[in-house]
Amino acid sequence: MKKIKLDISYLGSAYCGWQVQPNKPTVQKFLQNSCEKAFGSSVEITGCSRTDSGVHAKSFICTADLLDSANNIPEEKIPAALNVILPPDIYVKSAEEVSPDFHPRYSAKGKEYEYIFCDRAYKDPFLYGRAAFVGVLDEKSMDLCAKQIEGEHDFACFMASGSKIIDTVRTVYSCRVERRDGLVVLTVSANGFLYNMVRIIAGTLLECGRGKMTAFDLKEIIASKDRSRAGRTMPAQGLYLNRVFYGDFMGEESEE
């Protein structure tokens, strides 16, 4: 067996998430089919996470386990070989052989996500499916509130109701909000995320941007561990997996 690490990006609008599901279009299924066509044999694809339906990725790390009988395509030519077959909303940026013990999910030290808000006076059709359309926001107030999220906390308040996860403590390395190219962008990195955590953080900071919540309120919400006190779960279309971190600490040997 040979293990190839792929760094891919995709627009998730047309897919029911990453993971293979019966009779539904998923990114993993399209990538697996494309790999099997290119390499001429069965290929097992493993991803760094399971993004939900409609979620996008700027840098998603996965591995392809190839049989010894697979077509011997040079590493530098693998992206081109796959991109010819893949649909245009899935793109392989790079490929390299890695050791058999590398796992795209369990070897990761953390991830970084972005959530994009569009608070323009009009709904830009070119951002349809790629950003959350909201009213006018105060991004400086949102950024001030976002700082309360940094550090190690029990983030039960930011976990989807009904989730089976017991250990809800995570370390958020950075959480910031800025205006970029006329859009309001939330960027958050952590050693791990609970189910819907970033989308709930985005919904909570949305209230801060509307003047309905303060940094003190946010600090109390986190301490309460009460999901009902946090904001709503924002739609998937504004969420992007931005980076996956490997190495001994966040930022070392990062994948961009």
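This passage walks through a helix pair, the nonpolar cores and a handful of individual residues in a predicted model.

We can start with the helices. H3 spans residues 139–146 and H4 spans residues 197–209; their axes come within 8 Å and cross at roughly 130°. That angle falls outside the ranges for parallel, antiparallel and perpendicular packing, so H3 and H4 end up oblique to each other. The handedness of the crossing is right-handed. On the H3 side, the residues that meet the partner helix are Ser141, Met142, Cys145 and Ala146, and on the H4 side they are Leu205, Leu206, Cys208 and Gly209. Sorted by class, this H3–H4 contact holds six nonpolar and two polar residues, with no charged ones.

Next comes the core. The largest nonpolar core has 75 residues, and the members touching the most others are Leu6, Ile8, Leu31, Phe117, Ile149, Phe158 and Leu205. H4 supplies the largest share of this core, with eight residues. There is also a second, separate core of seven residues, with Ile116, Cys118, Leu183 and Val185 among them. As a rule of thumb, nonpolar side chains in soluble globular proteins tend to be buried together. Leu205 turns up twice in this picture, as one of the core residues with the most contacts to other members and as part of the H4 face that meets H3.

Phe158 deserves a closer look. Setting aside neighbours within four places in sequence, Phe158 is in contact with Ile149, Tyr195, Asn196, Met197, Ile200, Ile201, Thr204, Leu218, Ile222 and Ala230. One of those partners, Asn196, sits in the loop between strand E9 (183–190) and H4. Asn196 is not a glycine, yet its phi is positive, at about 65°. With a relative accessible area of 16%, Asn196 falls under the 20% cut-off and therefore counts as buried.

A second asparagine makes a handy counterpart. Asn23 also has a positive phi, about 60°, without being a glycine. For context, most residues other than glycine have a negative phi. Asn23 lies in the loop between E1 and H1, but here the relative accessibility is 83%, so Asn23 is exposed.

The loop that carries Asn23 also holds Thr26, placed between strand E1 (2–10) and helix H1 (27–39). Thr26 has a relative accessible area of 0% and is therefore buried. Not counting residues up to four places away in sequence, Thr26 touches a run of loop neighbours: Tyr15, Cys16, Gly17, Trp18, Gln19, Val20 and Gln21. With Tyr15, which is 11 residues away along the chain, the C-alpha separation is 4.9 Å.

Moving into H1 itself, we find Cys35. Cys35 is buried too, because its relative accessibility is 0%. Leaving out neighbours within four places in sequence, its contacts are Leu6, Gly40, Val43, Ile45 and Leu82. Of these, Leu6 is among the core residues that touch the most other members. Cys35 and Leu66 are 31 residues apart in sequence, while their C-alpha atoms are 9.2 Å apart.

Finally, Gly247 is found in the segment after strand E10 (239–245). Its relative accessibility is 16%, so Gly247 counts as buried. From Gly247 to Ser107 the C-alpha distance is 8.3 Å, with their positions 140 residues apart in sequence.

Note on methods
Residues numbered from 1 in each chain as written. Predicted model: local features only at pLDDT ≥ 70, side-chain atom pairs only at ≥ 80, totals over all residues. Heavy atoms only, no water. Axes fitted to C-alpha atoms, helices over the stretch in contact; angles between N-to-C directions. Helix = DSSP H or I, 4+ residues; strand = E, 2+ residues; numbered from the N terminus. Parallel < 35°, antiparallel > 145°, perpendicular 65-115°, else oblique. Left-handed = near helix turned anticlockwise from the far one by under 90°. Contact = heavy atoms within 4.5 Å. Nonpolar A, V, L, I, M, F, W, Y, C, P; charged D, E, K, R; others polar. Core = buried A, V, L, I, M, F, W, Y, C linked by side-chain atoms within 4.5 Å. Buried < 20%, exposed > 50% of the residue type's maximum accessible area, 1.4 Å probe, protein only.
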